[in-house]
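Subject: Structure handover

Hello,

Here is the structure I said I would pass on. My notes on what was found follow below it.

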Amino acid sequence: MIELRHLRTLMALKESGSLAGAAKKRFVTQSALSHQIKELETRINSSIFVRKSKPLTFTHEGARLLNLAEEILPKVIATESDLKRGLEGESQQLKLGIECHSCFRWLMPVIEQFKQHAPAAQIDISSRHLFDSLNALETGSLDIVLTSDPVPGHSIAYQHLFDFEVKLVVSSDSTLAAQAFVTPAQLAKQTLISYPVPLARLDIYKHFLEPAGIEPGEQKQCDLTSMLLQRVACNDGVATLPTWSIRESQGLSLTAVKLGAEGLKRPLFGAYRRDATNANLIQKWFELVASEGIKLQRIDQ
């Protein structure tokens, strides 16, 4: 019912003390201003100021609206100014932490797109805080963290980007290769080959084996995806990887098998501080990552 233009007119009336002065401040004719005031008075069913009063005197209703204008308009002006500045007033540095070893390959096209959008921005991708990335985000050492395991908190917000499937990778001559899917019991005491991540943080353990009360065998760690896949092909153990990483296995005798009848699906979130000063950069990065996630899902279908 009450619009910003009405509040701005009330402020102009207070500052100028007359209809003529208010019209000049609002860059309209006195007739147009009078029409706007009459429209507002009709809406609230009350007069705004005492007619022919000198100096201009507001009614009780007009004074309440004026108080509203003095409270709201400064906030509107400040917000408009922030929005108009856009990226200009923001930090142009984006420090990205990744809890996913296998994300680096598909992130490269996203980085190239991001550089085209914000050529002045500096993006720093780091795995230095791999096991403590959310704390690093909270303290300001990072601006964004890509994670599948959000931790509730007041200072950090999470934006869902996309879902992906994790599959078991086995040598093609393994007995498991002929299965449509595997159950937790079939992986009891199996040697797991993984990235250098503690067992308790592995998706296959947290979301597949542990809930079923199944313990795997020895855990062998490997830094590189290509080396990890080669070790699986040599029957050194089994591994679980997102489907995009399994595509790197061309030329190797490997088979990907679903984890459970429905498959093991995991979400990817973008974590960021609620008080971030580079919010526009962060949101653009999230848009590009989500778009890349759609492409990855189409390839896997």
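Ser31, His35, Lys38 and Thr42 are exposed on one side of helix H3. This, like everything below, is read from a predicted model. On the other side of the helix, Leu33, Gln36, Ile37, Leu40 and Glu41 are buried. Viewed along the axis of H3, the buried residues fall within an arc of 135°, so they line one face of the helix. The general background is that an α-helix has 3.6 residues a turn, so residues three or four places apart point the same way.

The length of H3 also agrees with expectation: its 15 residues (30-44) should span 21 Å at 1.5 Å a residue, and the C-alpha atoms at its ends are 21 Å apart. Asn45 follows H3 and has a positive phi, near 60°.

Next, the loop between strands S1 (49-50) and S2 (57-58). Three of its residues are worth a look when you open the file.

- Lys52 lies in this loop. Its phi is positive, near 60°, although the residue is not glycine. With a relative accessible area of 86%, Lys52 is exposed, because the cut-off for exposed is over 50%.
- Ser53 is in the loop too. Its relative accessible area is 17%, so Ser53 counts as buried, the limit being under 20%. The Ser53 side chain comes to 2.7 Å from the backbone oxygen of Val50.
- Pro55 also belongs to the loop between S1 and S2. The peptide bond that joins Lys54 and Pro55 is cis, with omega about -5°.

Another positive phi in a residue other than glycine is that of Asn235, near 65°. Asn235 sits in the loop between helix H8 (225-233) and strand S10. It is partly exposed, because its relative accessibility of 48% lies between the two cut-offs of 20% and 50%.

On the strands, S6 (residues 156-171) is the one to follow. Which strands does S6 pair with, and in what sense?

- S12 (residues 264-273) runs antiparallel to S6 and is joined to it by ten bridges. Within S12, Arg266 stands opposite Phe164.
- S10 (residues 239-242) is also antiparallel to S6, with four bridges between them. Here Ala239 of S10 is opposite Val169.
- S11 (residues 254-259) pairs with S6 over four bridges, again in the antiparallel sense. Ala256 in S11 is the bridge partner of Val169.

Val169 therefore has a partner in S10 as well as one in S11, by the bridge pairing between strands.

Last, the nonpolar cores. The largest has 58 residues, and Trp106 and Trp285 have the most contacts inside it. Leaving aside residues up to four places away in sequence, Trp285 touches Leu94, Leu96, Leu107, Val110, Ile111, Phe114, Ile123, Ile144 and Leu146. Another core, of 18 residues, lies apart from the largest one; Leu13, Ala23, Leu65 and Leu66 are among its members.

If you want somewhere to start, look at H3 with its buried residues on one face, then the cis bond between Lys54 and Pro55, and then Val169 opposite Ala239.

Regards

Technical notes. Residues are numbered from 1 along each chain as its sequence is written. This is a predicted model: local features need pLDDT of at least 70, side-chain atom pairs count only at pLDDT 80 or more; totals for chains, interfaces and linings use all residues. Side-chain values use heavy atoms; hydrogens and water are left out. Helices (H or I, at least four residues) and strands (E, at least two) are DSSP runs, numbered from the N terminus. Buried means under 20% relative accessible area, exposed over 50%, partly exposed in between (1.4 Å probe, protein chains only). A polar contact is a pair of N or O atoms within 3.5 Å; within protein, one must be able to donate a hydrogen and the other to accept it, and residues adjacent in sequence count only if both atoms are side-chain atoms. Two strands pair if DSSP finds at least two bridges between them. The expected span of a helix is 1.5 Å times one less than its number of residues. The arc is that of the directions from the helix axis to the C-beta atoms. A nonpolar core is a set of buried Ala, Val, Leu, Ile, Met, Phe, Trp, Tyr and Cys residues joined through side-chain atoms within 4.5 Å. Contact means heavy atoms within 4.5 Å.
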